[in-house]
Protein chains: 2
Amino acid sequence: MSLIVQKFGGSSVRDAARLKNVARIVADTYEAGNDVVVVVSAQGDTTDNLIAMASEVAAKPSRREMDVLMSTGEQISAALLTMTLNEMGFPAKSLTGWQAGFLTDSNHRSARIRRISKERLENELGKKNIAVVTGFQGINRYDDITTLGRGGSDTSAVALAAALGAARCQIFTDVDGVYTADPRLVKTARKLSEITYDEMLELATLGAQVLHNRSVEMAKRYNVEIEVLSSLERKPGTIVKEVVKVEKMMITGVAKDDKVARIALVGLPDKPGVAFKVFSLLASRRVNVDIILQSIGRDNTKDITFTVADSDKQIAIDALTELSPSLGIKEIVADDMISKVSIVGAGMESNPGVAAKMFEALFDANINIHMISTSEIKISVLIDKELGSKAVTAIHNAFEV
Amino acid sequence: MSLIVQKFGGSSVRDAARLKNVARIVADTYEAGNDVVVVVSAQGDTTDNLIAMASEVAAKPSRREMDVLMSTGEQISAALLTMTLNEMGFPAKSLTGWQAGFLTDSNHRSARIRRISKERLENELGKKNIAVVTGFQGINRYDDITTLGRGGSDTSAVALAAALGAARCQIFTDVDGVYTADPRLVKTARKLSEITYDEMLELATLGAQVLHNRSVEMAKRYNVEIEVLSSLERKPGTIVKEVVKVEKMMITGVAKDDKVARIALVGLPDKPGVAFKVFSLLASRRVNVDIILQSIGRDNTKDITFTVADSDKQIAIDALTELSPSLGIKEIVADDMISKVSIVGAGMESNPGVAAKMFEALFDANINIHMISTSEIKISVLIDKELGSKAVTAIHNAFEV
């Protein structure tokens with residue numbers, strides 16, 4: 001008998017038919033003799049509908065109240081899934097964020113989990129109940145409702161698996177695992193049976209969109225084995241863990257991220273503290289910066305180029321425009337017609353020539369590279385957005401992953 | 001400075017425009033220097049929508065999970081109203097049932113409030129925050145979510161007013177007060193400025209539908225002054241309290257209830273314990289019995305006739321059919337084509353001839369009476385359903401209320 005945590009996303013629970021399908025998966029896991037903790041997201045469009053309701057009454061809805069509003073979405077899913085299980089004759093109880101013991105900080109709309117008080121959960125499991133927990137939410141130390149922000153339900157599931165010492169955390173999505181490239185773009189893309197946390201982290205941040213990096217980081221820290229699999233097809237998915245079987249591959253996958261913007265600050269004075277001021281300003285506005293390149297300019301100036309999510313582009317430009325007189329920025333150039341294409345693989349470190357091979361593939365496909373960034377297990381390039389899919393296919397074919 | 005509790009029903013908060021209207025009422029009360037606690041119901045059709053969702057996944061949804069599901073309705077209203085107030089610049093915080101300290105028994109879907117832990121509420125009021133509380137809900141001692149059932153939000157409001165020692169509990173509805181008869185039926189119906197708890201209780205149980213009797217009973221017990229008024233028109237409503245100014249009226253109002261069924265048990269053996277068995281059986285099936293008449297039959301038998309809500313008719317018949325062999329019931333006759341028409345008034349006791357005057361009015365209108373029941377401040381008659389409105393008008397005119 002093991003303890004299994006199973007997380008189901010919004011599309012997996014979007015209507016009565018999908019809820020019954022999910023209940024069957026949960027019931028089978030329970031009938032196989034396991035203790036089961038289920039984590040659910042809000043149904044399909046619920047989150048969007050709630051946001052629309054808020055925008056009708058307030059131009060800038062208070063963050064505390066948005067959390068109160070949004071947290072109803074998972075509560076509805078949890079109640080409906082539990083009813084479905086009860087109707088099928090299985091002992092199940094729904095638990096909201098506070099009932100399941102999720103204690104977070106007070107950063108409304110993007111709270112971090114501080115700890116999980118697991119008494120109630122262990123009590124329900126001890127009584128052989130299936131616990132159906134609302135993902136994405138908790139309470140702070142003042143008993144106010146908080147939500148975890150993007151990727152919150154995955155993070156809830158991994159945190160529960162860690163706290164309860166679960167044998168595995170299964171993340172059910174509408175894809176059946178992690179692929180060497182997006183199967184919609186690359187016909188020869190192959191599903192991976194295993195992948196390391198670090199590779200998954202690079203793929204998540206690069207737009208593979210299977211798991212949010214917060215949840216993978218937490219899984220790595222607490223050594224929680226994750227399985228990514230489909231809620232619609234009953235077959236094994238991809239296991240994410242610390243060490244995987246060595247395969248004869250230089251790279252694990254190719255990923256593309258179209259939601260990226262490049263911002264160049266031209267003509268900065270070449271003196272200490274400039275980069276610090278730029279990026280601490282962006283951090284204070286909650287803009288996440290990805291790649292940063294600094295080049296030497298002319299006449300005692302330098303240029304700093306960096307990428308941000310395209311949704312943050314305007315916030316970044318507005319902030320930097322304020323700062324430009326005091327910093328002496330001559331020009332701010334922004335471009336969001338770009339794609340970031342990356343290759344990821346833990347085997348990269350011991351295989352020289354990986355970068356050269358990637359650049360050769362792009363050259364052969366006549367694709368110009370605007371910017372390059374590398375880490376131990378990742379190489380990213382920025383290219384024109386309309387060439388993104390072509391680039392992914394070219395690289396995937398070159399490496400024969 | 002006083003503390004005012006204001007309760008707004010589902011139609012008062014049904015959309016963004018209504019929410020803004022309610023926020024203005026609350027804001028005006030706050031700006032006049034009062035502490036304000038607001039209690040909200042779920043928006044318009046939310047409750048029906050949630051019930052429909054449940055019925056898609058379960059033929060008989062578990063009561064515990066229905067409470068988890070239903071309680072999201074008020075949470076959405078509370079968050080939206082609080083956002084609206086925040087957007088207008090007012091300090092407000094939403095509080096769910098558990099956050100506001102509502103502790104109930106464990107009777108899911110029709111829980112009773114045991115006590116209110118008012119620390120959090122007093123803390124918010126101490127910080128000059130407007131507290132927007134979800135009506136209809138609480139938690140039991142196991143920290144499970146419960147709901148209060150019919151009339152729950154009114155009861156929540158009165159309970160809060162009692163616990164916090166509020167100067168007044170304002171119940172905002174879509175009518176502007178309590179009338180001497182239904183203004184849609186009787187053109188000469190008049191709004192009452194004041195009414196006693198007992199009169200209001202009789203009117204509530206008789207189908208006047210302005211306030212649920214649970215809330216009025218609680219208001220009477222804790223001496224909470226209620227005002228019933230409209231959320232759309234800014235004018236005084238009707239005050240419900242212990243002693244009202246004496247007006248020169250024999251009766252306070254005329255009410256009609258169409259949702260009633262009469263059940264007659266014919267040919268019962270005339271021996272002790274028969275009535276006990278009948279009505280304890282009905283109580284065990286949660287059927288509320290209203291009027292009971294027992295007549296002497298023939299040949300050592302008797303007949304028992306009683307009324308129930310028409311929604312309970314079939315449950316009552318099924319239960320009694322099971323029991324009929326052991327009790328020796330010869331026949332069960334049911335009829336729901338009837339109306340109960342009643343007059344209510346605390347002045348009735350000191351005015352002989354009230355009943356006679358009512359019967360005369362009905363006789364003059366050529367309306368046959370099937371059954372009569374009286375209490376200290378109420379006289380009810382059962383008549384044919386299609387004559388209900390005619391009867392109300394005839395009686396109202398006869399008493400010139």
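Helices here are DSSP runs of H or I with at least four residues, and strands are runs of E with at least two, both numbered from the N terminus. With that in hand, let us walk through the structure, keeping in mind that it is a predicted model.

A good place to start is A:Lys60, which sits in the loop that connects helix 2 (46–57) to helix 3 (63–87) of chain A. Its relative accessible area is 72%, so A:Lys60 is exposed. This lysine has company on the surface: together with A:Arg63, A:Arg109 and A:Arg286, A:Lys60 forms a patch of positive charge.

From charges that gather we can turn to charges that pair. Side chains of opposite charge can pair when their charged atoms come close. How many salt bridges does a search of the whole structure find? Over all chains, the count is 52. Take A:Lys7 and A:Asp154, whose side chains meet in a salt bridge at 2.8 Å, N to O. This pair links distant parts of the chain, with A:Lys7 in strand 1 (residues 3–8) and A:Asp154 in helix 5 (residues 152–164) of chain A, 147 residues apart. Are these two residues buried or exposed? Both A:Lys7 and A:Asp154 are buried.

Next, look at A:Glu225 and A:Arg168, another salt bridge with an N to O distance of 2.8 Å. A:Glu225 belongs to the loop between helix 7 and strand 11 of chain A, while A:Arg168 is in strand 9 (residues 168–173), so the pair ties together parts that are 57 residues apart in sequence. Both ends are partly exposed: A:Glu225 has a relative accessibility of 24%, and A:Arg168 has one of 25%.

Chain B offers an example too, where the side chains of B:Lys128 and B:Asp35 form a salt bridge (2.9 Å, N to O). Here B:Lys128 comes from the loop between helix 4 (119–126) and strand 6 (130–134) of chain B, and B:Asp35 from strand 2 (residues 35–40) of chain B, so that distant parts of the chain, 93 residues apart, are linked. B:Lys128 is partly exposed, at 37% relative accessible area, whereas B:Asp35 counts as buried because its relative accessibility is 14%, and buried means under 20%. Salt bridges with shared partners also build one network out of A:Arg64, A:Glu65, A:Asp144, B:Lys93, B:Arg120 and B:Glu124.

The backbone has some points of interest as well. Most residues other than glycine have a negative phi. A:Asn223 is not a glycine, yet its phi is positive, about 55°. You will find A:Asn223 in the loop between helix 7 (213–222) and strand 11 (226–230) of chain A, and at 55% relative accessibility it is exposed. B:Arg109 likewise has a positive phi, about 75°, without being a glycine. That arginine lies in the loop between strand 4 (102–104) and strand 5 (113–116) of chain B, and B:Arg109 is partly exposed, with a relative accessible area of 34%.

Finally, a look at some buried residues. A:Met200, part of helix 6 (residues 197–208) of chain A, is buried at 0% relative accessibility. From A:Met200 to A:Glu217 there are 17 residues in sequence and 9.4 Å in space, C-alpha to C-alpha. A:Cys169 is buried at 0% relative accessibility, and B:Cys169 is buried with a relative accessible area of 0%. As for disulfides, a search of the whole structure finds 0 over all chains.

Note on methods
Residues numbered from 1 in each chain as written. Chains lettered and ligands numbered in written order. Predicted model: local features only at pLDDT ≥ 70, side-chain atom pairs only at ≥ 80, totals over all residues. Heavy atoms only, no water. Patch = residues over 30% accessible without salt bridge, like charges linked within 9 Å, V, L, I, M, F, W, Y side chains within 5 Å. Areas by Shrake-Rupley, 256 points an atom, 1.4 Å probe, with all protein chains shown as cover. Salt bridge = Lys/Arg side-chain N within 4 Å of Asp/Glu carboxyl O. Lys, Arg positive; Asp, Glu negative; His and termini not counted. Charge placed at Lys NZ, Arg CZ, Asp CG, Glu CD. Buried < 20%, exposed > 50% of the residue type's maximum accessible area, 1.4 Å probe, protein only. Disulfide = S-S within 2.5 Å.
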